[in-house]
Every structure is written in C-alpha cells, then in structure tokens.
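Open the model in your viewer and keep the selection tool at hand. The stops below run from strands to helices to cysteines.

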Amino acid sequence: MPEATSLNLPSGVQISGPLKPGYERVLTAGALEFVASIARRFEARRVALLQAREERQAAWDAGSLPGFLPGTKAIREGDWKVAPIPADLLDRRVEITGPTSRKMVINALNSGATVFMADFEDALSPTWHNVIEGQINLMDYWLGQIDYTEEDSGKRYAIGPNPAILMIRPRGWHLSENHISVDGNKVAGAFVDFGLYFFHNARHMLDRGTAPYFYLPKTESHLEARLWNEVFLFAQERLGIPAGTIKVTVLIETLPAVFEMNEILYELREHIAGLNCGRWDYIFSYIKTLRAKPEYVLPDRGQVVMKKAFLKAYAELLIQTCHQRGAFAMGGMAAFIPNRRDPEVTEKALAAVREDKLREVQYGHDGTWVAHPDLVPTALEIFNEHMPQKNQLDRLREDVTVGEKELLQPHEGTRSEEGLRMNIRVGVQYIEAWLRGNGAVPLYNLMEDAATAEISRTQIWQWLHYGATLVDGRRVTAELVEACLADEMAKLKTTLGDAYAKGRFDEAIALFRQLVLSEKLEAFLTLPAYKLIT
C-alpha cells in the first residue's frame, strides 16, 4: 500500500488516511488546493456559527423559546422570489436516498426515481474509505465509467438508459474530516465532501446538460445558509463557472430553522431550488432544542406522527413558505421498508407508505423521499394520480395559519416500556453498525439512519431526565434503563450469535449508555462515535 506522502500535496495540506489504489484520482494536488482554499477562507466563519448555536441553546435552556426573528421581519413580509429552477429539476416527484457505495449508486440511479440523493451524511458512516471511495464512485458516474460485479454471484450492475438526476448531500457544519488537515487544522467534512465533488465533476455535469445539485443538512439559521451561499459563489468563481449554476435544497430538519425558512430561502435565493421536510432529524432537534423544558416531553416514537401537533404545523408552513417564494416543498422519508421474504411485512410497509405519500401530495408537496427501490413504484403511483403536472408550485396554501404556538405544540400520547426497549434496540444496533462502517441499517422493518438513532437516544435521555411516567405507572429511572439495556443485549447476543461476538457491540453499548445517562445532552451522537472510527 502506498504511503500518504506519495501524493503531491499542496503546501499546508496533510493527509493521514491510508491510501488504496485509485485514491490518488480523488486526492489530486488541484482538488486538495481547492478544498484548502475553501477551508482557509471560511473555517473561522464555520467555527463562529457553531459557537452561535451553543449560545442560542444556552438561552433556550435558561428559559426562552425559539421563535421568529424580529430583525428579519421585512424579509418575511417582502415580495420576492428565488431564482428560476432548472428544467431538469422541475419534476422531482419521487427521490430515493442512500449512501455512496458503488452498488447503491447504480441501483438508486436505475430505480425509476426522478432524483437520487447520494449521501455523505446520515446514511453514511464517514470512515476514510467510505468518504474517498464514495467520491470515486461519483467521479466514475460522471465519466460514464461506473459498473459493479458481485464477487459471489458474478452479477453485473451498470447504469440504465434513464438514470435519476443526481444530488449530493455533504456532511453538516458540525462534522470534521479528521484525515485531512490544512495548516494544522482538521478540515470540515462539508468542505471536503462539497469541494472534492464539485472540483472533479462540475464541468462534466455542465457538458451533459445538467448542473451541480446538493442537499444541505442540519442548517439551524439563515446565517449558516449565508455561509453556504458564499462558499458557492467562491467555488464557482474559482473554477470559472457562472454564479447561480449550483442549485441546492435545504433540509428543514432542525427546530430553529423552521422559524427562519423565509430567511434561508432569501440568503440562498440565487442557488436554491427548495426546502425539504427532514422529519426524523426534526423530531430529534425538537427534543434537543427543548431539552430543558419538561412540558415538551414526547410520547413513544410511533405516536409522533406527521398528521398532528408540531409536525403537521411545520410541514404545512414549509409548503406555504416555499410556494410563496417559487421554491419546491419536498416531502420526507417514510422509514418503512419491504421485506422480499415476508409478503405480510411488505404489504404493511406499502400500506404505510401509501398513506404517508397520499398525505404529502394532498398537503401540496412537490415530491417525496423513499429509502428503498421497491418503494419507488408505490410513491410514483400516488404522486402520478394526485399530481399529474410536474409540481404543485401553484398551490399557495393560503389557508395555512401557523404561528410559534403551533410550531412548538408537542404530541399527546403515552410512553411505554416497549417504546423504551425499542429505542434501546435501535440505538445500540445502529451505533454498532455505524462503527463497522454502515450508515443505513434495516432494523425491524424500518430503515434506520443517524437521525432515527438520534431520536432513540435523546428520547431515553429526555424520559430519564424528567422521570417520565410509563403507561403502567412506573417512572423511567437509571435503574430501569440499565435493566432493560442488559436484558435487550442478552436477547440480541443469543439471536445474533457469532455476528454479535464479531461485531463492535461492547463499544456501541458503552457509548449508548454514556449518551443516555449523561447529565448533559450530547449535541450529536456522531461526534463521540467518530472518534471511535478514526
């Protein structure tokens, strides 16, 4: 294996990750210098914005609540639109998401979905090899060179005649890439994922009649959106690409961001195509943001549904806001997945997906997400029937009246021991898979990613922190959590056998226990987990 020093590294750039054949295609001097230029120009701003997150959270912990910003009222009430949406993004009725592994990229592009979001974020465990090999796979796609042959079966996979439109989700502002340093400082994962992809592929996209399209995760404020906009302007100028070529969709998946949707659209108005209801991270953010307020303790995850309370308010306000500004309002992910070996499970999953997608299209969403290729036909059927046109931008939803009260309203419901145990099973197994390099994990007929694992561990923390009462009258205590954790792991050990012994369950259990029993709520489980894979 070649040493990292065999690369032609620009001044001030260090690579600590091991190299495999082909990595030099991604880690070229030009690409690394491009990433370094972004980091040198914008890293201080990123750090300051992360500090601003902590300061705002401290104010909420001290008693205030998130709300609309008085200083940006003129933007919310102004008469303005985002820039026109490119022709190949006018119909986004079904989008599929998944990690950037080679087989996944090919299958998702061939799935029949209109868009594939290749994910460097919640569906990807950001091991060094996953990050760099994901970039190789995307480079090969744009070069028309991607295929894949399974070693066991010899089955070959290749891109079909009508692939989906490709979008990329880089990591959020809070994550670093510990294997690349610039001037002695670790580089933000967002700069690495965006910079390498844009540098290597932007020209190929334009040559093929499309453009660089991105999903932006975990945004908490319009100032964070402003930073992305400035990164785009800088990157386009640096590579000689017209300003506004990049188009993005911002996931509204944090509670603070829902109060700044107009402002986020405005900051990115030359580059934005729409907003997305990232529901699972949104539930996690609701718990995290309101962590100091016992009146916002939520019931079992299965009772926190899109048709009620703060989730309904957020979805409808997002549609109204986007359509007022000429931007798309994308629906979210139904976590149910089919099981090809179990027809009953599959039918239940399809029924749940039909119900979810029907709600979305009737609300006025312009498209939706699925996590599995087998769900694409079902989602397409619903949207084709109820949205025969390309989108619903003309549905202004002027009937929606949503304010701060509605956006904060918690779901009513009960908490159960089974809900506690399910959170334990999902949380530990997801973390264990993530430590082994797998960021999208099918568990109990649901597709779990980092967002749903975040719900699992923060919900237990919330119930424990406030001694929430279960439906049988017992209070959630550290002793109950420990007992359930030990029991569930003993069952899992028996069920999984050798797979348990060969896995990383001891580390996963230790981290999960630390996260749920800690006095302070950790901002993201991926921060301490990342230390275990680097």
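Select Val13 in β1 and Val182 in β7: the two are bridge partners. This is a predicted model, where local features need pLDDT of at least 70, side-chain atom pairs count only at pLDDT 80 or more, and totals for chains, interfaces and linings use all residues. Residues are numbered from 1 along each chain as its sequence is written, and side-chain values use heavy atoms, leaving out hydrogens and water.

Now show all of β7, residues 176-182. Three antiparallel bridges tie β7 to β1; strands pair if DSSP finds at least two bridges between them. Strands are DSSP runs (E, at least two residues), and helices are runs of H or I with at least four, both numbered from the N terminus.

Add β8 for the open antiparallel sheet, ordered β1-β7-β8. β1 (13-15) and β8 (185-188) are the edges; each has a single partner strand, so one side of each lacks a neighbour in the sheet.

Next, select helices α5 (128-142) and α6 (189-207). Their axes come within 9 Å and cross at roughly 10°. Axes are lines fitted to C-alpha atoms, for helices over the stretch in contact, with angles from 0 to 180 degrees between N-to-C directions. The pair is therefore roughly parallel (under 35 degrees).

Finish with the cysteines. How many disulfides does the structure hold? Zero, a disulfide being two cysteine sulfur atoms within 2.5 Å. Select Cys322: the closest cysteine sulfur, in Cys277, is 8.1 Å away, too far for a bond. Cys322 is buried at 0% relative accessible area (buried means under 20%, with a 1.4 Å probe and protein chains only). Cys484 is also buried, at 1%.

Conventions. Parallel < 35°, antiparallel > 145°, perpendicular 65-115°, else oblique. Buried < 20%, exposed > 50% of the residue type's maximum accessible area, 1.4 Å probe, protein only.
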